[in-house]
There are 2 protein chains.
Amino acid sequence: MIRMTKLADYGIVILTHMSMERQGSLHTAHDLAARSRVPVPTASKLLKSLTRAGLVLSHRGRHGGYGLARDPDTISVAEIIAAIEGPIGLTECGTGTEGACDMESFCAAKGRWAPINQAIERALQDVPLSAMRPQTPTGQMVRLGGIAEVAP
Amino acid sequence: MIRMTKLADYGIVILTHMSMERQGSLHTAHDLAARSRVPVPTASKLLKSLTRAGLVLSHRGRHGGYGLARDPDTISVAEIIAAIEGPIGLTECGTGTEGACDMESFCAAKGRWAPINQAIERALQDVPLSAMRPQTPTGQMVRLGGIAEVAP
DNA sequence: CCTATCGGGACCTTTTCGGTCCTGTTAGGC
DNA sequence: GCCTAACAGGACCGAAAAGGTCCCGATAGG
Ligand code: SF4
Ligand code: SF4
């Protein structure tokens, strides 16, 4: 139902937890998994993907772990999703990859999707990771895709 | 990858074909399947769903068939997708249905998705079925989610 | 009455998601 | 210098959903 995969969902949850800590601090995969209640191997797999995409930095060896590569305000939900499940778009066509759909050559709607897909991607780019955190109890304003909300 | 199902995709293609005909005209499932190159049983299944949702009208018996229930300008892509695959939203949470995700009770991001899902739904509501047709060779203006485009 | 058409499911096959595990590799600490 | 806590990469597998097929019943023209 136009769902993103749970992997991407969990990835965002994990990064959200990470964003609630002091930036630059390291967290082990085990730690993050426990906090987000995602199974450890799954969390580990996600963190690997996110590292490869450059969204988190990893440090190996003893006292190693993962940390956000950038400020949570500059990491968009779109980037996270793209890192985990690839290009964003509702259809096979119009997302850069050609020839994915075998109806392309005679499809009446082909090409009409590109602007829609881009609009959705843009909407997700406008949501920073910092907006996914639970709202602060201070009533701090949170930007969210152009929509401003105030915590109760 | 945040894909809608192919069923929904095909549904839109079929409706697009239907919208290119004189409104009110009837088309058999077989006819529409041939024109859109979707397998007949699949097209039939889709048309049934669309009928149940009230987007197309059906007429049984000899010389029966399907026809659009409303003007193509007043049918949104969002409606079509919702008719075929249910509520629109990237996540289980924040789409009306409660308790779908078993992490809801302790999820850091829960609740933060509702506005995003709504934004996407709104974007799809802004795209009328008529905008999915191949552009006319006359350079006719086509509204598309707030973006105006001109055919070459 | 006969037949073309829709209506509503049951059903199966294929894909992909979600999750696990194993085998390196790195780097701090003793 | 070795030991061990962490990440890296990928193979693997079960379950779920998607995608497609088929059948039988209900309608309504002719
Ligand atoms: S070419 Fe047509 S059928 Fe294929 S993905 Fe694009 S819109 Fe869908
Ligand atoms: S509650 Fe959290 S994990 Fe569940 S669907 Fe919502 S955001 Fe995703």
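**Exercise 1. Count the aromatic pairs over all chains.**

Solution. Apply the rule: rings of Phe, Tyr and Trp (its six-membered ring) pair if their centres lie within 6.5 Å; planes under 30 degrees apart are stacked, over 60 edge-to-face, and the rest tilted. The count over all chains comes to zero aromatic pairs.

Before going on, note that this is a predicted model, where local features need pLDDT of at least 70, side-chain atom pairs count only at pLDDT 80 or more, and totals for chains, interfaces and linings use all residues. Residues are numbered from 1 along each chain as its sequence is written, chains are lettered from A and ligands numbered from 1 in the order in which they are written, and side-chain values use heavy atoms, without hydrogens and water.

**Exercise 2. Find which ring A:R37 lies over.**

Solution. A charge sits over a ring if NZ of Lys or CZ of Arg is within 6 Å of the ring centre and within 35 degrees of the ring normal. A:R37 lies over the face of B:F106, 3.8 Å from the ring centre. Now swap the chains. B:R37 lies over the face of A:F106, at 3.8 Å from the ring centre.

**Exercise 3. Work out how chains A and B are related.**

Solution. Superpose by least squares on the C-alpha atoms of residues with pLDDT of at least 70 in both copies. A turn of 180° and a shift of 0.0 Å along the axis lay chain B on chain A, with an RMSD of 0.0 Å. The two copies are therefore related as by a two-fold rotation axis. Next, check the interface, where contact means heavy atoms within 4.5 Å. Of the interface residues of chain B, 100% are also interface residues in chain A, so the copies meet through the same surface.

**Exercise 4. Describe the surroundings of DNA strand D.**

Solution. A residue is near a strand or molecule if one of its heavy atoms lies within 4 Å of it. In total, 24 residues surround DNA strand D; A:K48, A:S58, A:Y66, B:K45 and B:H59 are the closest. Then look for polar contacts to the strand (pairs of N or O atoms within 3.5 Å). An N or O atom in the side chain of A:K48 is 2.7 Å from a base nitrogen of DNA strand D. A polar side-chain atom of B:H59 lies 2.8 Å from a phosphate oxygen of the strand.

**Exercise 5. Decide whether the ligand 2 site belongs to one chain or is shared.**

Solution. List the neighbours: among them are A:D9, B:E92 and B:W113. Residues from chains A and B surround ligand 2, so the site is shared between chains.

Key: Polar contact = N/O pair within 3.5 Å; in protein donor to acceptor, adjacent residues only side chain to side chain.
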